[in-house]
Amino acid sequence: MTTRKKAKGKPGQARNPWRDHYAEKARKEGYPARSVYKLQEIQRRWKILAPGKKVLDLGCSPGSWLLFASQTVGPSGKITGVDLKPVDTSAMPWVRMITGDVTSPELAEELGGSFDVLLSDMAPNTCGNRDLDALRSAMLAEAALDLAGRVLVPGGAFVCKIFQGDGFEEFMARVRPRFGKTRLFKPQSTRTASREIYIIATEAKPAPEGGWEPATV
Ligand SMILES: C[S@@+](CC[C@H](N)C(=O)[O-])C[C@H]1O[C@@H](n2cnc3c(N)ncnc32)[C@H](O)[C@@H]1O
């Protein structure tokens, strides 16, 4: 009897060479997820991370951005990761993990300080309805922006994933006035079919008196 190797992935799902290539590369290089290559591309272009920086990583599980960020900022930096799911950070001494919901009103206080860089790779549990998925992604992006308005230092950087679709243009209109420079970036390591895109916003402006306008989605 011949035994055939089972293809990885969800039952009924065809193998995806793109997915396999980056997943295999991440496994070999010791990163928990292939998403690390998106942050590496962002870093190569914009040098958002640097030794000594204080970084907040929202939606940090399973931990590949956390690991890359901690390697880049080094022991003189500080990283705080937040996710609904816990991440074991025992091998990364200058990383603090908060297991919780980014939309929680108590989070800013728990973070207890300011950050030079806010990264958000948060993604909703997708349901397959593109409009609904885009709207849920925009709501997470809003939560990240709201937090940025409270904890990001003037001059700081905000990197945020969002699905293009419902809520996207409204969100961009709220991001632009808060930063000196705002760009959109689709990493090569993102599948061409994916609607996810990253907002790279730098030179954060100080909040006006009374704070920034609250979210609308
Ligand atoms: C694509 S994964 C992030 C991958 C991560 N950047 C890495 O490199 O390992 C998206 C994450 O967003 C998290 N997430 C979604 N909604 C969230 C919420 N409301 N609060 C905190 N985390 C959330 C999910 O639990 C998931 O782990």
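Visitor: Is K47 buried or exposed?
Guide: K47 counts as exposed, because it has 10 C-beta neighbours inside 10 Å, and the cut-off for exposed is 12 or fewer. Keep in mind that this is a predicted model.

Visitor: Okay, and where does K47 lie?
Guide: You'll find K47 in the loop between α2 (36-46) and β1. Its phi is near 50°, which is a positive value in a residue other than glycine.

Visitor: Hm, what sign does phi have in most residues other than glycine?
Guide: Most of them have a negative phi. E203 is another residue here with a positive phi, about 60°, and it is not a glycine either.

Visitor: Where does E203 lie, then?
Guide: E203 is in strand β7, residues 196-204. It counts as partly exposed because 13 C-beta neighbours lie inside 10 Å.

Visitor: New topic! Which peptide bond is cis?
Guide: The one from S61 to P62, with omega near 5°. P62 sits in the loop between β1 (54-58) and α3.

Visitor: What about the ligand: how many residues surround it?
Guide: There are 22 around the ligand, and S61 is among the closest, along with G59, S64, V102 and D121. The shell divides into 12 nonpolar, 6 polar and 4 charged residues. α3 (64-73) and β2 (78-83) each supply at least two of the shell residues.

Visitor: Last one: what's the mean pLDDT of the chain?
Guide: The mean is 90, and 90% of the residues reach 70 or more. Over residues 1-10, though, the pLDDT is below 50. Where pLDDT is low, don't read the predicted coordinates in detail.

Key. Residues numbered from 1 in each chain as written. Predicted model: local features only at pLDDT ≥ 70, side-chain atom pairs only at ≥ 80, totals over all residues. pLDDT = per-residue confidence, 0-100. Contact = placed C-beta atoms within 7 Å. Near = placed C-beta within 6 Å. Helix = DSSP H or I, 4+ residues; strand = E, 2+ residues; numbered from the N terminus. Nonpolar A, V, L, I, M, F, W, Y, C, P; charged D, E, K, R; others polar. Buried ≥ 20, exposed ≤ 12 C-beta atoms within 10 Å, placed from the backbone.
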